[in-house]
Amino acid sequence: MASGAEGAGGRLAGQTVVVVGGSAGIGLETARQVRAEGGDLVLAARNPERLERAAAELKPLSTAAFDANDTARLEGFFQDLPGRVDHVLVTAGAPAYTPLDELDLAAAGRDFGGRIAMTLAVARAGREKVRPGGTLLFIGGTGGRRPARGMAVMGAVTAALPALTANLALEIAPVRVNLIAAGFVDTPLSASLLGDQLEARREELRRTLPIGRVVGPEDVAALAVHLMLNEALTGATYDIDGGQQFVSA
């Protein structure tokens, strides 16, 4: 895909990055850092209004509003790209926390199977659209590694994604595939999940995390940009949680 990035400087100058889930949180912040590094953007997100606001700020090459859980639409989105791209970041998807006695089995199947299917769909479509040495980046989490009530589905997804990433890195090489496993990140999604408990959670993390502060979307975005740039990295899972999994927080 031809580049139209403003200015010639930046480590991503001349490169095009697709961000699925690029209208808020980690996706939006990564898009901002891509632009700051001179890269071009293609933005996709479910919410048209938020996507329009992101596009007004970042001036992407194009945008598309759709639900990434619709795998046919997702694959069609990639097929419709007019040329090859350099990198893809997928942040779409929300965690599911439901105790077993409240669990809807059909919903649980959709939560687990949908996340796996979305990852496979991106890999299958991206194999033909991402240049050799470019990368597919997925966002997962670390929270599901610690067993707890209500974490059965989330724990299963957390365990599955690193294995899926490693296998896909072999199957679609020389396109690279990596997974970012984040702990608590201070995003609008976190705010919506915690509600009036958000500030108490922030304070708990400031007090207990080894880094002494809360991880923000800019931290995850910086890691995403690094993984795009370092072409020796593939098939791996990169934790970014400020040491959260090593303490009781």
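Select K59 to start: this residue of the predicted model sits in the loop that links α2 (48-58) to β3 (62-65). Check its backbone torsions. K59 is not a glycine, yet its phi is positive, at about 50°.

Next, select residues 71-79, which form helix α3, and add α4, residues 105-129. The two helices pack with their axes 9 Å apart, at an angle of about 20°. Angles under 35 degrees count as roughly parallel, so α3 is described as roughly parallel to α4. Where α3 passes α4, the crossing is right-handed.

To see the contact itself, show side chains on both helices. On the α3 side, pick T71, L74, E75, F78 and Q79. Their partners in α4 are A117, M118, A121, V122, R124, A125 and K129.

Stay with α4 and step back into the loop that lies between β4 (85-90) and that helix; Y97 is found there. Which residues make a nonpolar surface patch with Y97? Add L189 and L193 to the selection: together with Y97 they make a patch of about 310 Å². A surface representation coloured by residue type is a convenient view for this stop.

Last, go to the loop between α5 (152-171) and β6 (176-182), and select P174. What kind of peptide bond joins A173 and P174? The bond is cis, with omega at about 15°. Display the backbone atoms of A173 and P174 to inspect this torsion.

Methods:
Residues numbered from 1 in each chain as written. Predicted model: local features only at pLDDT ≥ 70, side-chain atom pairs only at ≥ 80, totals over all residues. Heavy atoms only, no water. Patch = residues over 30% accessible without salt bridge, like charges linked within 9 Å, V, L, I, M, F, W, Y side chains within 5 Å. Areas by Shrake-Rupley, 256 points an atom, 1.4 Å probe, with all protein chains shown as cover. Salt bridge = Lys/Arg side-chain N within 4 Å of Asp/Glu carboxyl O. Helix = DSSP H or I, 4+ residues; strand = E, 2+ residues; numbered from the N terminus. Axes fitted to C-alpha atoms, helices over the stretch in contact; angles between N-to-C directions. Parallel < 35°, antiparallel > 145°, perpendicular 65-115°, else oblique. Left-handed = near helix turned anticlockwise from the far one by under 90°. Contact = heavy atoms within 4.5 Å.
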